[in-house]
Amino acid sequence: MKILKTMATAAVALCAAFSAQARPIDAIQKDGKIIIATEGQFAPFNYFNGTQLTGFEVEVANLVAKKMNLKVEWKTLGFDALLTGLAQDRWDVAIASHGVTEERSKAVTFATPHYCSGGMVISMDPAIRAGKDLAGKVVAVQTGTSYLENVKKVPGVKDVKNFPTDVDARSALTSKRVDAWVTDKFVAKEVAAKNPKAGLKLGDMLFIEKIAPAVAKGNTGLADAWNKAFAEILADGSYAAVSKKYFNEDVRCT
Ligand code: ARG
């Protein structure tokens with residue numbers, strides 16, 4: 001019994017040591033470089049234009065880092081890996097349109113939300129447009145997203161199909177392997193505008209969410225420094241300019 005207790009205490013200490021490994025703000029400043037991870041497959045928020053990583057939140061993060069006087073090293077990974085990598089100290093910040101959920105807030109610390117949005121129902125059939133229309137239907141979502149979580153709560157959904165990327169979930173809809181796709185409303189708007197002949201019907205919002213960058217759980221020094229710089233770009237018009245460029249509107253949370 002005693003030995004078990006000792007082992008449990010050691011395990012707790014080990015976990016604490018691991019979580020304390022997240023680079024504190026002074027280490028990042030000393031290095032002069034912040035490591036930021038994203039997915040790169042979620043246009044217009046984070047995506048590749050040829051070999052160039054870009055997108056609304058990539059540009060916002062670059063502006064924030066500039067205010068912090070830091071260079072950025074970008075890493076791109078599967079969506080699933082982004083939050084777990086924070087705890088392993090593989091990067092300092094993850095910014096990939098993560099909705100602030102209760103579940104995620106247990107594992108990471110969210111900075112100030114950088115935009116507000118929500119999940120929208122998209123289909124090829126004008127009769128499928130609201131949450132209630134998903135009853136008896138097969139719905140495509142990206143794995144590990146808040147879309148999955150929220151579609152699961154809709155009563156009567158026949159099946160929720162998971163895809164590694166949101167682009168794959170969209171293809172499942174356009175090739176009619178599923179009846180509906182749930183994704184971010186701005187993603188849906190852009191896809192519909194770029195593919196006017198695809199026959200996509202933008203339906204109602206299924207839920208709304210605040211989207212925020214994440215740092216390792218408890219790395220409040222970094223979150224505070226990031227938030228201060230983020231407040232500066234909200235105030236000096238540079239956030240507004242990037243938002244207008246991508247969306248023709250200001251997408252900040254009000
Ligand atoms: N907003 C959704 C969520 O919080 C989807 C984010 C998807 N991001 C991405 N880079 N694919 O889960």
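## Exercises on a predicted model

T145 is found in the loop between β9 and α6 (146–152). The model is predicted, so local features need pLDDT of at least 70 and side-chain atom pairs count only at pLDDT 80 or more, while totals for chains, interfaces and linings use all residues. Residues are numbered from 1 along each chain as its sequence is written, and side-chain values use heavy atoms, with hydrogens and water left out. Helices (H or I, at least four residues) and strands (E, at least two) are DSSP runs, numbered from the N terminus.

### Exercise 1: a loop residue

Task. Decide whether T145 is buried or exposed, and list which residues T145 touches beyond four places away in sequence.

Solution.

Step 1. Buried means under 20% relative accessible area, exposed means over 50%, and partly exposed lies in between (1.4 Å probe, protein chains only).

Step 2. T145 has 7% relative accessibility, so T145 counts as buried.

Step 3. Leaving out residues up to four places away in sequence, T145 touches F79 and R104. Contact here means heavy atoms within 4.5 Å.

### Exercise 2: the five-stranded sheet

Task. Give the strand order of the open sheet of five strands, and explain why one side of β10 and of β12 is left without a neighbour in the sheet.

Solution.

Step 1. Two strands pair if DSSP finds at least two bridges between them. Strands of a sheet pair through backbone hydrogen bonds, either parallel or antiparallel.

Step 2. The order is β10-β9-β11-β8-β12, and the pairing is mixed.

Step 3. β10 (159–163) and β12 (201–211) are at the edges and have a single partner strand each, so one side of each has no neighbour in the sheet.

Step 4. From one strand to the next, the twist averages 25°. Axes are lines fitted to C-alpha atoms, for helices over the stretch in contact, and angles run from 0 to 180 degrees between N-to-C directions.

### Exercise 3: pairs within that sheet

Task. Find how many bridges join β8 to β12, β8 to β11 and β9 to β11, and give the direction of each pair.

Solution.

Step 1. β8 (residues 115–123) and β12 run antiparallel and are joined by eight bridges. In this pair, G118 stands opposite I208.

Step 2. β8 and β11 also run antiparallel, with five bridges between them. V121 faces V182 in β11, and I122 has W181 as its bridge partner.

Step 3. β9 and β11 run parallel, joined by two bridges. A140 stands opposite W181 in β11.

Step 4. Eight of the nine residues of β8 are buried. In β11, five of the five residues are buried, so β11 is largely enclosed by the rest of the structure.

### Exercise 4: the small sheet and a cis bond

Task. Name the edge strands of the sheet made of β2, β3 and β4, and locate the cis peptide bond.

Solution.

Step 1. This open sheet has the order β2-β3-β4 and antiparallel pairing. The edge strands are β2 (41–42) and β4 (52–54), each pairing on one side only.

Step 2. Two bridges connect β2 with β3 (residues 46–49). F42 has N46 in β3 as its bridge partner.

Step 3. The loop between β2 and β3 holds P44. A cis peptide bond joins A43 and P44, with omega about 5°.

### Exercise 5: two positive phi angles

Task. For N69 and S97, state whether the residue is buried or exposed.

Solution.

Step 1. N69 lies in the loop between α3 (56–67) and β5 (71–76). Its phi is near 60°, a positive value in a residue other than glycine. The relative accessible area of N69 is 69%, so N69 is exposed.

Step 2. S97 lies in the loop between β6 (93–94) and α5 (102–107). Phi of S97 is also near 60°. At 7% relative accessibility, S97 counts as buried.

### Exercise 6: the ligand

Task. List which residues come nearest to the ligand, and state how much of the ligand the protein buries.

Solution.

Step 1. Of the 15 residues around the ligand, E39, G99, R104, S146 and E209 come nearest. A residue is near a molecule or strand if one of its heavy atoms lies within 4 Å of it.

Step 2. A polar side-chain atom of R104 lies 2.8 Å from an oxygen atom of the ligand. For E209, a polar side-chain atom lies 2.7 Å from a ligand nitrogen atom.

Step 3. The ligand taken alone exposes 350 Å², and the protein buries 100% of that. Accessible areas come from the Shrake-Rupley method with a 1.4 Å probe; for residues, only the protein chains shown count as cover.

Key
A polar contact is a pair of N or O atoms within 3.5 Å; within protein, one must be able to donate a hydrogen and the other to accept it, and residues adjacent in sequence count only if both atoms are side-chain atoms.
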